[in-house]
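Biologist: Could you take me through one part of this model in detail, the small sheet and what lies around it, and set it against the rest of the chain? I would like one connected account.

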Amino acid sequence: MARLKGLMLSLPFGFVLFLCSTFSIVPGVIGWSKEGHEMTCLIAQALLKPEASEAVHHLLPPHVNGNLSALCVWPDQIRHWYKYRWTSPLHFIDTPDEKCGFQYSRDCLEDMCVAGAIKNFTSQLSHYKEGTSDRRYNMTEALLFLSHFMGDIHQPMHVGFTSDKGGNTIDLRWYRHKSNLHHVWDREIILTALADYYDKDVTLLLQDIEKNYTNGIWSDDVASWEHCKDISSCVNNWAKESIQIACKWGYEGVKSGMTLSEKYFDSRMPYVMKRIAQGGIRLAMILNQVFGDSEEGFVAAT
Ligand SMILES: [Zn+2]
């Protein structure tokens, strides 16, 4: 206890609050579900090179024992706290109805969207290697926000239409219970997959996703998924991918009040799994870049 007290006294107040907060939080309901974010971060952490792995361990609070995925849903859990209310718009992008496209200058004003957040937190983390204690930034929070937002930008309905709030106002039934289109993509598809095919075991689902990109249907695509020279154009591409899937597979054929079941599930589940894989692989790519030994980061130090 004395040691803990000593530790707390030596830390800035915000960080103490942060450490405590992680023990007493209410599950979040917006963004990939807890399972989606956890899988994204588990995929990423397994792909980290030694320098990045060490940096991540160093930045995580001790109680998670080096497990990034334990805190990947944290930004959803604190987004309504007074201190973090400013982060609420950073989880998504509203795009003009039916345009099925994303334009940074039009849809991400003052960087206040998930694409802008990824750019900014990547830039903050790029200072880590400098070894300076830049007190403007909290590197632990930057890591958790980046890890979470890499999940969110890959959830297609997080880059949705403005008028229906990314499908949140499209109420419908998922099989027999009430839901909405946004939530179907956040969580329902994942939960149905877990229940129907994986004995409700996230580890088994994750193994299937990993098999697909290491030695399966996506293994030839991984190099192109990871390709990223300039983070600004990468976030634009990732957001465009999402709104295009949202248009073609999310919104397509869906109206308020209808019931979605097997047919929708069977055809959409592969996209959900692929987006989780892409989010994890690309998160690892960013962390390996910002924490790696190479001099060639894609982010100019700011
Ligand atoms: Zn989120």
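**The sheet and its surroundings**

Modeller: The secondary structure of this chain, which is a predicted model, comes to 13 helices and five strands. The chain has 302 residues, of which 42% count as buried, and among its contacts between residues at least 6 apart in sequence, 74% join residues at least 24 apart.

The sheet you ask about is an open one, built from three strands in the order 4-3-5, with mixed pairing. Strand 4 and strand 5 stand at its edges, and each has a single partner strand, so one side of each is left without a neighbour in the sheet. Taking the two pairings in turn, strand 3 (residues 171–174) and strand 4 (residues 177–180) run antiparallel and are joined by four bridges; within this pairing, D171 has N180 of strand 4 as its bridge partner. These two strands form a hairpin with two residues between them, and in that turn Y175 has a positive phi of about 50°. On the other side of the pairing scheme, strand 3 runs parallel to strand 5 (residues 259–260), to which two bridges join it, and here the bridge partner of W174 is L260 in strand 5. As a general point about such elements, side chains in a regular strand alternate between the two faces of the sheet.

Helix 9 (residues 181–197) lies across strand 3, strand 4 and strand 5, and it runs at about 100° to strand 4.

For the rest of the chain, helix 7 (residues 114–125) is a useful element to set beside the sheet. At 1.5 Å a residue its twelve residues should span 16 Å, and because its end C-alpha atoms are 16 Å apart, the model agrees with that expectation. Helix 7 is mostly covered, with eleven of its twelve residues buried; among them are V114, I118, F121 and L125, and also K119, N120 and Q124. The cover over these buried residues includes strand 1 (93–95) together with helix 6 (104–107), helix 8 (139–154), helix 12 (231–251) and helix 13 (262–291). In general, an α-helix has 3.6 residues a turn, so residues three or four places apart point the same way.

Methods
Residues are numbered from 1 along each chain as its sequence is written. This is a predicted model: local features need pLDDT of at least 70, side-chain atom pairs count only at pLDDT 80 or more; totals for chains, interfaces and linings use all residues. A residue is buried if 20 or more other C-beta atoms lie within 10 Å of its own, exposed if 12 or fewer, and partly exposed in between; C-beta atoms are placed from the backbone. Two residues are in contact if their C-beta atoms, placed from the backbone, lie within 7 Å. The expected span of a helix is 1.5 Å times one less than its number of residues. Two strands pair if DSSP finds at least two bridges between them. Axes are lines fitted to C-alpha atoms, for helices over the stretch in contact, and angles run from 0 to 180 degrees between N-to-C directions.
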